[in-house]
Amino acid sequence: MSSYYHPSRPYISIPQPPPGILPSGAQRPTNPSPSTRPDPWAFEVTPPPFAENQYALHNPWGEENRSPNTLRHRTLSLINLPSDSSRPPSRVSSIQASTTNAPLAFPEPQIYRSVSQRVSGHKPSASDISAENLRLRHDPSIASFRSTQSRNSWYYDDDYGSISNESHGEEEQLSKSLSGVSLTSDEGLARFQSGELPENDQEWHRLVPPEAIEALGKIEVQRQSVIFEVFKAEREYVSDLEAVQDVYITPLMNANPPIIQPNRLQGFISEVFGNFSQILAHHQRMLGALFARQRDQHPLIQSIADIVLDTTLKSDFRSAYEIYIKHYPLSESQHRKELRNNTAYQSFMQSASSDSRIRKRDLITFLSRPVTRLPRLNLLLEQILKLTDKEYEHPDLETLPIILGILSDCIKSTQPGIEAAESKVKFWALCESLVFRKGEIIDMDLYDKGRSLVYSGPVSRKNRSEGSVTGSWSGSGWTDLSAALLDNYLLLTREEQRPNGVYKRHLMSRPLYLSFLRLGSFSAPPETRKEHPKDGSVLSGLLYQSTPLYPFTIYHEASKQSRRYTLYVANESIRKKWHNFLLDAIAVHKVRQEGNMYFSPDALSRQFFRISGGSNGNKNPGRINAVVPFSFNGRQFIAVACPTGMYAAIRGRENFRKVLNVQPTSMAALQSLGSKTFNKFIVHLNNSLLSYPLDMIAQVALGQVEPKVLAASVEKIVSNEVVFFKHLHVGQRVLIVYAVKKLLQVTLSLHVLEVVDVNDTALTPKREQRGSGKSSNSFRAFGDAGYAPKDAFDVTPLVKTIGICARGGILIVDPTNIAGGRVTVVPDFSGASTNQPLANLKSRVDGLKPLGLIRSNSSELLVIYETVGCYITKHGTPSRSSGYIKWESKIDSFAQRGTHVLLFSALFIEIRDILTGRIVQVIEGEDIRLMYAGPTPDSHELILVAMRGDGGQEDKDLKGGVVDKIVELQETSEISDVRARTPTTAVPAMWEEWDM
């Protein structure tokens with residue numbers, strides 16, 4: 001600690017303990033007192049000459065009868081006081097007998113002597129400095145007390161006058177009285193540090209003699225009192241943290257029977273108490289250092305700044321507080337939640353409050369102690385800095401601003417974390433209070449770690465008039481709602497307070513996913529709401545108060561009319577807040593979606609398939625009707641059907657060639673399966689099924705074969721009456737299922753053909769083609785024909801069976817035995833008459849178009865309708881309490897990849913988790929159509945989509961035109977999987993020459 005000179009502050013010197021008790025680095029005195037030890041409160045006052053009127057501070061030991069203008073040259077000593085011959089020599093006179101020049105000072109408490117906080121290097125004790133060469137330099141008109149804390153507190157002056165031997169009776173009496181105060185102060189300090197001192201006595205002035213207080217001056221007294229308050233506050237803080245550990249944490253961990261379920265006990269302790277033990281460890285060390293400093297320097301503490309600075313400079317100290325404070329709102333929330341739901345926990349808390357260390361305080365009080373500790377310490381240190389004299393080089397003037405800056409930065413850094421945690425607590429309270437509509441399954445992924453409440457507040461909405469056809473608003477009725485904007489959904493709820501005081505929030509409309517949320521007008525003029533008094537008086541119906549409300553409009557992009565909301569808020573400022581928060585939330589949500597795509601869209605063709613526009617004089621190919629990928633000689637191709645013909649090109653290139661002058665409605669490329677090779681390209685054209693050589697289509701696309709050669713190679717499979725067809729893989733067989741409808745037939749006939757390996761065609765008997773006199777050995781009938789409802793429109797492949805989609809449901813049949821196999825219709829609503837939830841589900845899906853079904857797990861399947869989906873067991877009965885998932889838009893097709901299902905509508909592709917129905921990604925477009933997804937339910941082939949494009953930025957010839965583009969949806973993988981593949985693992989010898 002650096003030295004400083006202060007003309008108005010005394011220096012207190014604490015003498016060394018008696019023989020036998022020496023501090024580290026000290027040695028015994030060369031001329032000890034032969035019979036007695038020093039008087040513990042003996043001290044000398046040796047003021048130099050001064051003018052009395054220069055200083056306002058009264059010197060209690062001065063001569064009262066001297067002239068005010070008289071300069072005082074003598075040295076007044078309280079060491080050689082005259083003694084009464086009637087009593088034994090005092091300890092003071094004993095010291096004088098051995099050395100007349102030995103200074104006296106306040107003693108240090110002997111039993112609490114500590115060297116833990118000494119500055120580095122040896123510091124001389126009284127025995128190290130001889131009386132002959134030691135002189136104390138005194139400040140004008142002030143008592144100077146020697147301090148043994150550091151060498152810098154001694155002042156050497158060989159020219160200073162020697163100590164006088166003159167004695168005075170008043171000083172002897174004062175010395176005797178201070179000796180009695182010393183014993184009381186030592187005992188009080190020990191009791192204070194051990195926490196045994198009464199509360200009223202835990203003040204600095206209660207542990208210091210009045211004479212010392214008078215000598216110090218008002219400012220220094222205040223400074224010492226604040227420093228003492230730091231000691232006191234730190235002791236109480238550590239005591240409270242230790243009480244939490246002993247009274248709450250340890251008993252909870254060791255409770256038998258357990259208060260918290262064992263499988264969640266450790267997590268609960270971590271959530272509620274966080275890193276409590278880390279903070280406690282830091283403050284236990286700091287408190288030990290502070291107490292050691294107090295024992296060394298009491299009653300005049302020069303500084304504690306170095307101790308506090310040493311603690312606050314530690315990065316783990318600051319990080320421990322940042323972690324705890326940011327987590328505190330969550331801790332409080334978990335505690336309150338457990339208190340509501342666990343009666344054993346309630347009883348434990350009541351029992352713990354009776355502990356003497358708890359003093360009936362709630363656990364929340366203790367949990368909040370670390371949150372308020374740093375700000376309170378900051379205030380105390382600021383007060384110490386204010387009370388430190390700025391005119392002299394006190395080390396606190398440099399150290400305290402550093403500490404205050406560190407604490408201020410730490411406190412500021414936790415504020416965003418606290419706000420985020422408080423928002424998280426509000427978010428959890430919202431989640432726990434939500435009441436969903438019965439029957440609907442909504443997974444909003446509320447308990448994801450990244451979920452947050454962005455903004456919330458009360459809103460109003462006008463009630464629709466009863467019987468309104470146009471949907472106009474009634475001017476008399478209003479509904480008060482609460483709107484909550486999450487980072488992924490917007491919720492509109494109505495609050496209800498239950499008799500037990502718990503709030504429930506009923507969803508007034510389906511949660512609005514932010515990918516579909518659009519903003520309407522936010523600038524409409526305010527409207528007036530008439531509010532009647534609610535006192536129930538007779539005149540309450542006649543009296544009202546007009547309140548202006550400010551409207552804003554939001555809507556669902558896929559349901560612009562049916563899901564359009566005009567909400568009202570109290571003022572323009574709130575309306576602007578909603579506008580800004582909505583804009584920000586939508587933008588952030590979009591960025592997150594783009595940075596975490598499960599399926600990445602990659603355009604394969606942007607410019608070729610123009611529908612209108614263009615100035616090159618060529619006829620536009622037109623809208624895309626079908627797309628099929630295939631390969632030839634290791635090269636990937638795609639074939640595209642348009643109104644102007646069929647085109648093919650290498651995948652990813654725009655140089656399409658017309659390969660056939662036909663307009664098929666659907667196509668299939670049958671290339672190979674296992675060791676079998678088929679080389680067939682099937683098209684559905686004019687109610688007929690035709691086949692072309694697949695390799696020849698590739699050759700025409702490459703310009704190696706003329707298109708007329710390909711046209712001449714056509715093979716008719718079924719000549720007419722085909723309604724739809726599907727090719728699928730069942731085991732090691734490639735089957736073609738097609739439906740035929742004859743004139744006046746009330747049902748559809750289902751037929752199955754097996755595609756023959758090209759290597760086996762010579763051995764296969766030729767089959768007569770349906771509707772023609774020709775025969776074919778590339779396809780053979782597989783079983784007898786079966787029947788399907790006349791409104792059947794598609795076939796959905798399963799693992800070993802197929803589903804025939806019709807308006808009345810999905811017929812599950814065995815494709816290898818359509819005629820004689822068992823037919824099951826799913827979902828099975830046979831129990832609807834006795835099961836109300838099942839009846840509700842049946843009424844909801846009646847009239848809807850089923851598109852197919854996919855497996856969600858080993859025991860469940862998901863039935864997909866155009867607007868909803870529902871889960872069924874492997875026996876076809878609806879599961880999950882007959883619940884349903886409502887899609888965000890009306891879909892017309894779907895595809896499955898892994899654990900996700902892709903739902904295709906005209907404007908959006910919804911990607912959902914199959915097991916939960918949760919939306920994980922939304923892809924936006926225009927005129928979206930699924931073109932290809934593979935022949936199996938969970939195929940690993942491409943997913944090709946056609947959608948409206950802009951012609952591409954590079955197509956300068958397309959001005960104001962419309963173009964269709966082909967997009968491939970590429971399934972992505974997590975980045976962590978890529979990081980796991982390190983070069984050293986893949987190629988172990990790669991870095992051998994760089995081996996270090």
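Buried residues account for 50% of the 996 residues in this protein. Please keep in mind as you look around that this is a predicted model. The secondary structure comes to 18 helices and 41 strands. Among contacts between residues at least 6 apart in sequence, 61% join residues at least 24 apart. Below is a friendly walk through one helix pair, one strand residue, a hairpin and two sheets.

**A pair of helices: α7 and α12**

- Two packed helices are described by the angle between their axes and the distance between the axes.
- Here, the axes of helix α7 (residues 305-312) and helix α12 (residues 396-433) come within 10 Å and cross at roughly 30°.
- Angles under 35 degrees count as roughly parallel, and α7 and α12 are therefore roughly parallel to each other.
- The crossing in which α7 passes α12 is left-handed.
- On the α7 side, the residues that meet α12 are A305, D306, V308, L309 and T312.
- On the α12 side, their counterparts are D396, T399, L400, I402, I403, I406 and L407.
- Sorted by class, this contact of α7 with α12 has eight nonpolar, two polar and two charged residues.

**A residue to look at: S482**

- If you would like to find S482, go to strand β3, which spans residues 473-486.
- Is S482 buried or exposed?
- S482 has a relative accessible area of 15%, and buried means under 20%, so S482 is buried.
- Leaving aside residues up to four places away in sequence, S482 touches G457 and P458.
- With that same exclusion, S482 also touches L491, L492, T493 and E495.

**A hairpin: β9 and β10**

- Strand β9 (residues 545-556) and strand β10 (residues 559-569) run antiparallel, and seven bridges join them.
- How many residues does the hairpin use to join β9 to β10?
- The hairpin passes from β9 to β10 through two residues.
- To see the pairing at the level of side chains' parent residues, look at Y555, which stands opposite R564 in β10.

**The sheet β27 to β30**

- Four strands make up this open sheet, in the order β27-β28-β29-β30, and the pairing is antiparallel.
- Which strands stand at the edges?
- The edge strands are β27 (794-797) and β30 (824-826); each has a single partner strand, so one side of each is left without a neighbour in the sheet.
- On average, neighbouring strands of this sheet are turned by 30° against each other, direction ignored.
- β27 and strand β28 (residues 802-806) run antiparallel and are joined by four bridges.
- Across that pairing, D794 stands opposite C805 in β28.

**The sheet β35 to β38**

- This open sheet also has four strands, ordered β35-β36-β37-β38, with antiparallel pairing.
- β35 (893-897) and β38 (919-924) each have a single partner strand and stand at the edges, so one side of each has no neighbour in the sheet.
- From one strand to the next, the twist averages 20°.
- Within the sheet, strand β36 (residues 900-904) and strand β37 (residues 908-913) run antiparallel, with five bridges joining them.
- For a residue pair to locate here, try F904, whose bridge partner in β37 is I909.

Note on methods
Residues are numbered from 1 along each chain as its sequence is written. This is a predicted model: local features need pLDDT of at least 70, side-chain atom pairs count only at pLDDT 80 or more; totals for chains, interfaces and linings use all residues. Side-chain values use heavy atoms; hydrogens and water are left out. Axes are lines fitted to C-alpha atoms, for helices over the stretch in contact, and angles run from 0 to 180 degrees between N-to-C directions. Angles under 35 degrees count as roughly parallel, over 145 as roughly antiparallel, 65 to 115 as roughly perpendicular and the rest as oblique. A crossing is left-handed if the near helix is turned anticlockwise from the far one by less than a right angle, and right-handed if clockwise. Contact means heavy atoms within 4.5 Å. Ala, Val, Leu, Ile, Met, Phe, Trp, Tyr, Cys and Pro count as nonpolar, Asp, Glu, Lys and Arg as charged, and the others, Gly among them, as polar. Buried means under 20% relative accessible area, exposed over 50%, partly exposed in between (1.4 Å probe, protein chains only). Two strands pair if DSSP finds at least two bridges between them.
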